[in-house]
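Please open the model in your viewer and keep the selection panel at hand. The tour begins with the whole chain and then moves to one sheet and its helices.

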Amino acid sequence: MFSACRGCLMQNSMLRFSRSFWPNRPVFSSSWSKRIERKRHGLRRLATVASSLARHPDRIPMSKFENDSFLPYSHLNDSLRQVRRKLNRPLTLSEKILYSHLCDPLNQDIEPGKSFLNLTPDRVAIHDANASMALLQFINAGFDRTALPTTIHTDHLTMAEKGASEDLAAAKIRHEEVFEFLASASARYNIGFWKPGSGIIHTILFENYTFPGGLLVGTDSHTPNAAGMAMLGIGVGGSDAVDAMAGMPWELPCPKVLGVRLTGRLNGWASSKDIICKLAGLVSVGGGKGKIVEFFGPGVEKLGATSMATIGNMSAEIGATSCLFPYSDSMSQYLKATNRSDIADAASKNLNLLAADEGSALYYEDVVEINLDELEPHINGPYTPDLAHPLSKLGQAVRENSWPENLAASLVGSCTNSSYEDLMKVSGLLEQADRAGLKLKIPFFVSTGSEQIRATAEDAGFLEKMRKAGAVVLSSSCGPCVGQWHRTDVPKGEANSIISSFNRNFTGRHDGNPGTHSFVTSPELATAFAFSGSLSFNPATDSITNANGELFKFQHPKADELPLVFNKGEPLYQAPLPFAEAQQVDVVINPSSDRLQKLEPFEAWKNGNSLDLPILLKVKGKCTTDHISPAGPWYDYRGHLDNISNNLLTSATNAFLPDHMPGMAKHAVTGEIDATPVIARAYKNAGIRYCIIGHDNYGEGSSREVAALEPRYLGAVAIIANGFARIHEMNLKKQGLLPLTFAGPEAWGKIKDGDRVDILGVENIKQGEALTLVVTSKDGSRWETKVNHTFSEGQIPWLMKGSALNHVRSLKVL
């Protein structure tokens, strides 16, 4: 029997797969909608019950959508007392929240950077691009329903092109099969389902589900957005989410804590986005790996909740495990504005959980100081989010590096910057430009973070001002930020520059064009640049000439963090069904579908699997999950492992083939050069196991699990690199692959085309003990080096059984 955490509920009922399409269409069918509406009204009738329960301090619902899941403050306080007795020292806020969620606080080994923590999250969130594969794994494991509150959010699959209404309508047609699968599986397995147009996962979570002191896991790397509500949000892969959904202990390497002390106050054009852009430039894309970034100091008190969420969101770009702010008045005001006064009241009675202990700063691994009085606006890029430029120095950097100076587009929105305050700032600048007679110089796109933000911004007149100015108002979805942008103005490969308020700017990230130089900044700067059309423009000092030849200089915008009242907009939420009714739901996968494919278990480890391995390719330079498994049109196949595997490493540069375009590999036996997935599939069909050589921080960026599933499916045994991003390394381990790091980075340079490798000692792998890599060159010469792994004793069965899912199934948990 597997040891269960608090709230564990696992049953052994297997899903009935239907051979025909599910007749009641959950997203579009009126019959299904009526069934769901009856359940919604039933929940509303429970409002008086929830109100009476809320009077008891331990019976306050975590969300207005879930009257059967309550704030865990009593349990968290009990766990925290045990942790205090165990550690006997002041605790940082990150430690308080994380350790109070331990499954077994008294017996848990707590060593930052060394031990693995077994945790019980409070909830799980999954976006549509990862949901299909996560649900397929959940179904394959034989679980009957989720044990933790779980939601699915349809935000990644909508292509941005013409505008909100047209794009949403097109998405509902194009992705009908996937949306139906997600809606029916949600109904069957006790999952809340947010329909297309409802909003971006992190915005929906922030508006409805975040609470101070909680622990959230989400299948998106930007889950630390929850920091704006003093909640730990941690990005994970789908298999990790499945563990948490099932109520099993969720394992996390014990993180260190990086302190960031803020002093002063933001002024002028500086915004919260500049805090995280500045920090990224200071610590790099790998500077937060294995760490929670905890903000403290007098400057924190002056930040709004959504501003702190912006910082937490983009902390993923420094590789942080998570990000955190102490509970503040602005968080309380946000809770009240979003109809969660009962949670604000409960938080105010548990402040011991929500602030760092006095003296705990001594236990930060390091401290970075940022003076907000002196902070200059920043623009980061291109091609990496840690290439930071103060506004006053951007023009010089553009000229020195010969980046395209003229901008081709400006985009505002995404989960990072689409709050009411952000849109009010944009609207104010557009109003200034209108009075001055200025016109947009380049295409300008704006997206709202949620249906609630859209409706509220519409009421306030913000969106009408944007449309009047010539902006394209996109749907409340991820759109161009995640590569869902049907862009036709620039041919693929042509060098061009764009600027946005997004969080990430890897090669080809937004439009699939490797020639696009993407710069990230605040919404207000992105808006001002849309009127100048040039990266050499500095709105803090420069003027623009209008049509009448008059000079005009923007004034930095001011805005309210919150409206007087939020307009909830159109109801786009499907609540979970009662257990008895949920059991009657059939979840359908059409056997001939090219979008969804039932998963088959991977083979268990066999002796000799790691011997005489050819090298598929040797990756050179940055290799994000966008390089390993590109997004854009490939989103269509995120639920079909065989089809999505056709994009494996198609954007990665192969050091063995310097004269070829990215995404190419050479067959070790035939010498044939072809696309990397073609060679990998040829190996798979011939029964040839192989390895992949990565470079630095391999797999940074998105949490997409397909980037680990694809090499596993196509026959890879190991990925050997100088280092891995946290989420990707865990995803590889979960799928039964060996992620190994060279003991010294010089070994990477010694790997040559035609080498074959033996990885010795795998069958007897032990936690903390290095393995031996023996490299044999084409001339027969040999050399060896040590390679390290991060498998814990509890994770080693994932490798030996073939995957974590196989291990879970073998436990036969009842």
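What radius of gyration would a compact globule with 814 residues have, and what does the protein chain have? A compact globule would come near 28 Å, and the protein chain, at 26 Å, agrees with that; the radius is taken over C-alpha atoms, and the globule rule is 2.2 Å times the number of residues to the power 0.38.

This is a predicted model, in which local features need pLDDT of at least 70 and side-chain atom pairs count only at pLDDT 80 or more, while totals for chains, interfaces and linings use all residues. Residues are numbered from 1 along each chain as its sequence is written, and side-chain values use heavy atoms, with hydrogens and water left out.

With the whole chain still selected, colour by secondary structure: there are 27 helices and 34 strands (DSSP runs numbered from the N terminus, helices being H or I of at least four residues and strands E of at least two).

Next, select the open sheet of six strands, ordered S9-S8-S5-S6-S7-S24 with mixed pairing, where two strands pair if DSSP finds at least two bridges between them. Its edge strands, S9 (232-235) and S24 (573-574), each pair on one side only.

Then select S5 (residues 123-127) and S8 (residues 215-218), which pair in the parallel sense over three bridges, with valine 124 opposite valine 217 in S8.

Add helix H5 (residues 128-140), which packs on the sheet and touches S5 and strand S6 (150-153) (contact means heavy atoms within 4.5 Å). The direction of H5 makes about 115° with that of S5, where axes are lines fitted to C-alpha atoms, for helices over the stretch in contact, and angles run from 0 to 180 degrees between N-to-C directions.
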